[in-house]
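Q: I should like a close look at one part of the interior of this protein, followed outward into its surroundings. Please keep to a single connected account.

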Amino acid sequence: MKKIQNDRIVVITGATSGIGLACKNLYEKFGYKVISLARNRVEELQDFFSCDVSKAEEVKVVFSQIKKKYGQIDILLNNAGYGISGAVELIDDENVENLFKVNLIGCINCYKYALPLMNRGGKIINISSVCAFFPLPYRSLYCASKAALNMLSYSTKMECKPLGIQVTSVCPGDTKTNFTKNRVKIYTTNHRYKDRIENATKQLDSREDKRMLPDKVAKVIVNLSKKKRLKPYIIVGTKYKILNFFMRFLPLSWLMFFTERFFGGYKSCNKGGK
């Protein structure tokens with residue numbers, strides 16, 4: 001990637017860690033002006049705005065400030081989000097609502113106030129997940145939030161086409177960030193689920209050393225920013241690309257059978273298993 005000098009302005013939500021921070025660093029390296037949004041203030045960052053994307057009024061105020069200071073934006077990177085694990089029937093209402101407020105409603109809030117600041121040639125890049133395509137037991141709510149985000153991307157891609165603004169969804173596989181550490185883990189169980197909830201969560205979390213680095217995802221995103229035409233979605237991670245290809249020809253029930261067998265928490269992740 002050759003360094004470029006330009007005045008294109010990028011707004012990144014959740015820009016202080018993980019994929020968001022990797023994108024911020026790479027965009028700046030190649031000459032973009034980056035505006036960082038996150039809930040917790042980071043004093044040392046320039047062009048930073050404290051904002052909880054799940055709160056529409058905060059988003060409205062921040063984008064009003066961005067308009068006054070910068071005039072317009074060229075790229076919106078909806079990256080803010082988090083995960084949750086647990087059995088759907090045992091997750092309390094507050095956790096359910098908070099997840100969708102951040103992962104989905106937060107993106108919608110940013111759409112509403114960013115789009116008026118974007119001209120032809122603008123791009124919206126939504127950070128989704130391969131979980132939007134490949135369901136996981138005890139990750140149901142997270143998978144649902146990302147599947148909804150993908151559908152938002154596809155639909156708004158058509159809405160924004162006459163405006164000359166493109167939309168895409170980037171779906172990374174397992175990425176080595178603080179995402180696993182920060183995931184809300186709800187091990188609440190009963191006699192029907194027994195220890196499967198905790199086993200399934202710990203089993204997936206134990207794969208941390210096999211995850212790709214966020215810099216790999218960031219490189220894909222920055223490259224997308226230069227393209228004239230964006231696909232509806234792009235998967236990051238070779239094994240997931242291969243799996244997605246074969247799933248075009250195989251029944252979903254096959255994927256669900258093997259996923260449930262391997263990741264359904266039937267075996268303990270402790271040495272020796274159960």
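In which strand is Val167 found?

A: The model is a predicted one, and the description that follows should be read accordingly. Val167 is found in strand β7, which comprises residues 166-172. Val167 counts as buried because its relative accessibility is 0%. Setting aside residues up to four places away in sequence, Val167 touches Tyr111, Ile124, Asn126 and Ser153, together with Thr156, Lys157, Cys160 and Lys231.

Among these partners, Asn126 deserves separate treatment. The C-alpha atoms of Val167 and Asn126 are 7.8 Å apart in space, while 41 residues separate the two in sequence. Asn126 belongs to strand β6, residues 123-127. Asn126, too, has a relative accessibility of 0% and therefore counts as buried. Its side chain makes a polar contact of 2.7 Å with the side chain of Ser153. Apart from neighbours within four places in sequence, Asn126 is in contact with Asn78, Tyr111, Leu149, Ser153, Val167, Thr168, Ser169 and Val170. Tyr111 and Ser153 thus appear both in this list and among the residues that Val167 touches.

Asn78, a contact of Asn126, leads to the next feature, an internal cavity. A search of the whole structure finds one cavity of 30 Å³ or more, and the largest cavity holds about 30 Å³ of space. Its lining consists of Thr13, Val53, Asn78, Asn79, Ala80, Val102, Gly106, Cys107 and Cys110. Helix α3 provides four residues, the largest share of that lining. By class, five of the lining residues are nonpolar and four are polar, with no charged residue present.

Cys110 is one of the lining residues and is also in contact with Phe63, which brings the account to the nonpolar interior. The largest nonpolar core has 28 residues, and those touching the most other members are Val11, Ile35, Leu37, Phe63, Ile66 and Ile73. At least two residues of this core come from each of β1 (9-13), β2 (33-38), α2 (56-70), α3 (93-114) and α4 (140-160). A second core, separate from this one, has 24 residues, including Tyr32, Val34, Leu77 and Leu230.

Two members of the largest core illustrate its connections. Phe63, leaving aside neighbours within four places in sequence, is in contact with Val11, Leu37 and Ile73, and also with Leu76, Cys110, Tyr113, Ala114 and Leu117. Leu37 lies in strand β2 and counts as buried because its relative accessibility is 0%. With the same exclusion of sequence neighbours within four places, Leu37 is in contact with Val11, Ile12, Thr13, Gly14 and Ala15, with Phe48, Phe49 and Cys51, and with Val62, Phe63 and Ile66. Thr13, one of these contacts, is also one of the residues lining the cavity. The C-alpha atoms of Leu37 and Thr16 are separated by 7.9 Å, and the two residues stand 21 apart along the chain.

The loop between β2 and β3 (48-50) contains Asp47. Asp47 is not a glycine, yet its phi is positive, near 55°. Its relative accessible area is 16%, so Asp47 is buried, the cut-off being under 20%. Lys194, in the loop between β8 and α6, likewise has a positive phi, of about 55°, without being a glycine. Lys194, however, is exposed, because its relative accessible area is 57% and the exposed class begins over 50%.

From Lys194 the description passes to helix α6 itself. Seven of the 10 residues of α6 (residues 196-205) are buried, so the helix is largely enclosed by the rest of the structure. The buried residues are Arg196, Ile197, Asn199, Ala200, Thr201, Leu204 and Asp205. Among the elements covering them are β5 (84-85), α5 (179-182), β8 (184-185) and α9 (252-263).

Gly265 completes this part of the picture. It is placed in the segment after α9 and counts as buried because its relative accessibility is 0%. Leaving aside neighbours within four places in sequence, Gly265 is in contact with Asp195, Arg196, Asn199, Ala200 and Gln203; of these, Arg196, Asn199 and Ala200 are among the buried residues of α6. Between Gly265 and Asp7, the C-alpha to C-alpha distance is 50 Å, across 258 residues of sequence.

Note on methods: Residues are numbered from 1 along each chain as its sequence is written. This is a predicted model: local features need pLDDT of at least 70, side-chain atom pairs count only at pLDDT 80 or more; totals for chains, interfaces and linings use all residues. Side-chain values use heavy atoms; hydrogens and water are left out. A nonpolar core is a set of buried Ala, Val, Leu, Ile, Met, Phe, Trp, Tyr and Cys residues joined through side-chain atoms within 4.5 Å. Buried means under 20% relative accessible area, exposed over 50%, partly exposed in between (1.4 Å probe, protein chains only). Contact means heavy atoms within 4.5 Å. On a 1 Å grid over the protein atoms alone, a cavity is a set of points where a 1.4 Å probe fits but cannot get out, and a pocket is an open set with protein on both sides within 12 Å along at least five of seven lines; lining residues have an atom within 4 Å of a point. Grid points are joined across faces, edges and corners, and a volume is the space filled by probe spheres set on the points. Ala, Val, Leu, Ile, Met, Phe, Trp, Tyr, Cys and Pro count as nonpolar, Asp, Glu, Lys and Arg as charged, and the others, Gly among them, as polar. A polar contact is a pair of N or O atoms within 3.5 Å; within protein, one must be able to donate a hydrogen and the other to accept it, and residues adjacent in sequence count only if both atoms are side-chain atoms.
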